[in-house]
Amino acid sequence: MTSPYENLPPEAFWRTGVVGKTPETLEGLYRKKFSIDRSTRIATAGSCFALHIGRQLRAADFSVIDTEPAPPGLNADQAAQFGYGLYSARYSNIYTARQLRQLAEEAIGKFHPADGVWQKDGRYFDALRPGVEPNGLSTADGVREHRAHHLRQVSTVIRSAELFVFTLGLTEAWIHGPSGTVYPTAPGTIAGSYDPAIHLFHNFTFLEIHDDLLAFFNLVKEQNPNAKFLLTVSPVPLTATASGEHVVSATTYSKSVLRAVAGQLSHGREDVDYFPSYEIVTCSLSRGEYFEPNLRTVRPKGVQVVMKIFFAEQGIVVGPRKEKKLQKDEERVQDQAVCEDVLLDAFSR
Amino acid sequence: MTRICAIGNSHLAALKLGWDSIAHEFNGVKLIFVGAGGDLVGDLKVEDGCLVPSTASLRQFMEDLSGGLSKIDPGSFDGFLVCGLEFSVLKVMYVADKFRAEAHAKDERHPVSDECFYLASVGCLRTSLMVQTLTKLRRITEKPIAVLPAPMCSDEDQRPIWQRAEANGDDAKLAEIFASAAQHLATELNFRLFPQPSHTLASSLRTKRIYRQGSIRLSRGSNKIESAQGDYRHMNGEYGAAALREALGGWDLCSRLPRAS
């Protein structure tokens with residue numbers, strides 16, 4: 001052998017692996033580490049893009065856990081506004097690994113959030129999932145009581161999931177300084193009020209995110225030893241950054257760190273796989289075609305290609321009729337309504 | 001003469017019997033009853049500005065009950081009185097089976113905000129045959145519509161669904177939610193809602209048992225009046241008379257007419 005590259009497969013080279021292809025025809029982009037089928041009990045969580053993944057899995061008849069189903073009578077849009085039907089429990093979007101770890105620790109009683117109830121116009125909101133009740137509750141005690149119920153459902157998710165799909169979204173977060181409690185959204189965006197002496201901006205590092213995910217994996221494994229994990233990185237750019245950098249640089253940093261952590265963990269653990277939805281949507285081969293004109297929102301077509309590649313590698317056959325339904329579902333849904341970080345747009349000048 | 005088309009399902013039987021006993025009080029009013037038991041009224045469809053039966057069986061029942069009407073032509077009536085058709089507090093109880101609002105008793109059910117519970121209740125009522133029928137009716141006419149919800153179940157009904165609500169004190173709150181949700185749809189579909197007469201109620205969610213004695217209903221899938229002694233949901237002619245008296249007496253369409261004492 002004259003070169004270590006000599007016998008590598010076509011996908012190892014840009015010219016043979018990429019040029020002249022489309023994301024749909026790329027070979028070997030995703031090689032599953034473990035198989036799932038429609039009976040695998042799947043839990044989903046993560047940032048906005050995870051909504052698409054969860055919805056597509058449900059629509060393709062996978063056994064996606066839903067411990068907090070919507071009350072009868074709500075239509076799909078109303079249910080989504082109240083945080084139903086989005087994830088395996090009503091935790092709404094989980095943007096950071098710390099938020100995920102914190103939720104799991106809280107569910108088993110190892111963590112107690114500080115400043116967990118926010119106010120706005122005389123109404124009370126769960127600071128750790130402020131979007132699930134769009135107009136809040138009438139009392140702070142009500143918020144605490146609802147949260148206690150929610151945590152019991154989260155605990156059920158942890159104990160029952162065979163596969164936990166988590167979409168990493170952000171490195172940036174707002175933290176309650178004195179306690180370290182991390183919020184999904186900046187205080188004052190949906191409810192609460194921003195106090196610079198208490199609420200601190202934090203941009204999580206590779207090591208912090210790596211350790212948070214490890215802690216989450218270990219915690220789940222303690223309850224559910226056979227659980228496996230599938231990590232993805234959201235291709236959706238940041239709506240806003242508080243890092244002081246340009247939002248483009250901040251996005252690149254954030255996604256690079258998340259992608260690196262996901263790679264590190266999937267390389268190092270048998271029970272963790274990485275699915276390259278980020279690459280499929282953002283790589284130069286896609287020519288930006290999977291983004292809406294705002295260059296941020298992922299178009300239904302992009303989601304479809306992502307899921308097609310996932311299903312194909314998992315050997316899941318989705319018939320043409322079902323495929324059409326998946327496409328329709330994707331086009332119908334307005335994710336903006338449940339993406340809290342989009343609200344930050346309101347603060348742009 | 002004010003001609004009113006009374007549309008309904010099994011609950012129409014009590015109204016029909018009640019009307020026979022009080023018609024003399026409403027000299028200027030003529031009620032024409034159109035309907036069938038079960039969910040057959042759902043087979044009405046809009047055609048040429050009328051509601052027409054889409055199945056032979058519904059056509060037959062309509063003709064038999066109304067004395068020959070094979071379609072509902074809004075031009076032939078001054079108003080419509082629609083009763084039953086799953087428009088009932090049971091829709092709210094269905095939500096309350098697994099969910100509780102903030103003001104409700106705290107138990108193992110999923111807690112939701114009052115707003116969420118209310119929207120769910122409206123949504124469940126929206127699935128009723130009543131709303132489906134009214135939606136069709138509103139496509140063909142702007143004439144006045146009065147709605148009589150299905151009566152509350154009799155206080156003899158011992159099912160846990162009622163017992164829980166009464167034991168934990170939620171019954172009045174659930175009745176209030178039903179009233180608000182029904183009124184929400186009344187505004188949306190432009191109909192006049194006539195809640196169950198208060199003097200027929202044993203409690204917030206229950207009808208006095210005297211109104212179930214000798215109760216009747218239109219049998220499922222037909223227009224035959226049969227005994228409803230086996231259930232707690234259908235009432236007797238006395239109830240029908242009370243409900244009609246309150247509705248016709250309070251409805252602008254009829255209340256201006258001279259009324260016999």
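Me: Where in chain A does A:Pro187 lie?

Reply: This is a predicted model, and in it A:Pro187 lies in the loop that runs between β7 (181-183) and β8 (199-203) of chain A.

Me: Is A:Pro187 buried or exposed, and which residues does A:Pro187 touch, leaving aside those up to four places away in sequence?

Reply: A residue counts as buried when its relative accessible area is under 20%, and A:Pro187 is therefore buried, since its value is 5%. Once residues up to four places away in sequence are set aside, A:Pro187 touches A:Trp118, A:Trp174, A:Ser193, A:Tyr194 and A:His199. As for A:His146, A:Pro187 is 41 residues from it in sequence, and the two are 20 Å apart in space from C-alpha to C-alpha.

Me: Which residues of the largest nonpolar core touch the most other members?

Reply: That core has 60 residues, and those touching the most other members are B:Ile72, B:Phe87, B:Phe117, B:Leu134, B:Leu137 and B:Phe191. Helix α7 (residues 171-189) of chain B gives the largest share of this core, namely nine residues. To take one case, B:Leu137 touches B:Ile7, B:Leu51, B:Phe80, B:Val82 and B:Ile145, when residues up to four places away in sequence are not counted. There is also a second, separate core of 46 residues, which includes A:Ile158, A:Phe166, A:Ala173 and A:Ile209.

Me: Which residues make a nonpolar patch on the surface?

Reply: A:Tyr5, A:Leu8 and A:Phe13 make such a patch, of about 290 Å². Of these residues, A:Leu8 has its place in the segment before α1 (14-17) of chain A, and with a relative accessible area of 37% A:Leu8 is partly exposed.

Me: How should I read the contact between the chains, and how much area do chain A and chain B bury between them?

Reply: The size of an interface is often given as the accessible area that is lost when the parts come together. Here chain A and chain B bury about 1600 Å² between them, with 60% of it on carbon and sulfur atoms. In chain A, the residues that lose the most area to chain B are A:Pro72, A:Glu145 and A:His149, which together account for 32% of what that side buries. The contact takes 23 residues from chain A and 18 residues from chain B.

Me: How many salt bridges are there between chain A and chain B?

Reply: Side chains of opposite charge can pair when their charged atoms come close. Between chain A and chain B the count is two salt bridges. B:Lys106 forms a salt bridge with A:Glu145, with the closest N and O atoms 3.9 Å apart. A:Glu145 and B:Lys106 are also linked in a network of salt bridges with B:Arg100, B:Asp107, B:Arg109, B:Asp170 and B:Lys173.

Me: What parts of chain A does the pair of A:Arg98 and A:Asp212 tie together?

Reply: A:Arg98 forms a salt bridge with A:Asp212, the closest N and O atoms being 2.8 Å apart. Because A:Arg98 lies in helix α4 (residues 97-107) and A:Asp212 in helix α6 (residues 206-223) of chain A, the pair ties together parts that are 114 residues apart in sequence. A:Arg98 is partly exposed at a relative accessible area of 23%, whereas A:Asp212 counts as buried at 1%.

Me: Which residue forms a salt bridge with A:Glu106?

Reply: A:Arg147 does, and the closest N and O atoms of the pair are 2.7 Å apart. A:Glu106 lies in helix α4 of chain A and A:Arg147 in helix α5 (residues 140-160), so this pair ties together parts that are 41 residues apart in sequence. A:Glu106 counts as buried at 9% relative accessibility, and A:Arg147 is buried with a relative accessible area of 9%.

Conventions
Residues are numbered from 1 along each chain as its sequence is written. Chains are lettered from A and ligands numbered from 1 in the order in which they are written. This is a predicted model: local features need pLDDT of at least 70, side-chain atom pairs count only at pLDDT 80 or more; totals for chains, interfaces and linings use all residues. Side-chain values use heavy atoms; hydrogens and water are left out. Patches are made of residues with over 30% relative accessible area and no salt bridge: like charges are joined within 9 Å, nonpolar side chains (Val, Leu, Ile, Met, Phe, Trp, Tyr) within 5 Å. Accessible areas come from the Shrake-Rupley method with a 1.4 Å probe; for residues, only the protein chains shown count as cover. A salt bridge is a side-chain nitrogen of Lys or Arg within 4 Å of a carboxyl oxygen of Asp or Glu. Helices (H or I, at least four residues) and strands (E, at least two) are DSSP runs, numbered from the N terminus. Buried means under 20% relative accessible area, exposed over 50%, partly exposed in between (1.4 Å probe, protein chains only). A nonpolar core is a set of buried Ala, Val, Leu, Ile, Met, Phe, Trp, Tyr and Cys residues joined through side-chain atoms within 4.5 Å. Contact means heavy atoms within 4.5 Å. Buried area is the accessible area (1.4 Å probe) that two parts lose on being put together, summed over both.
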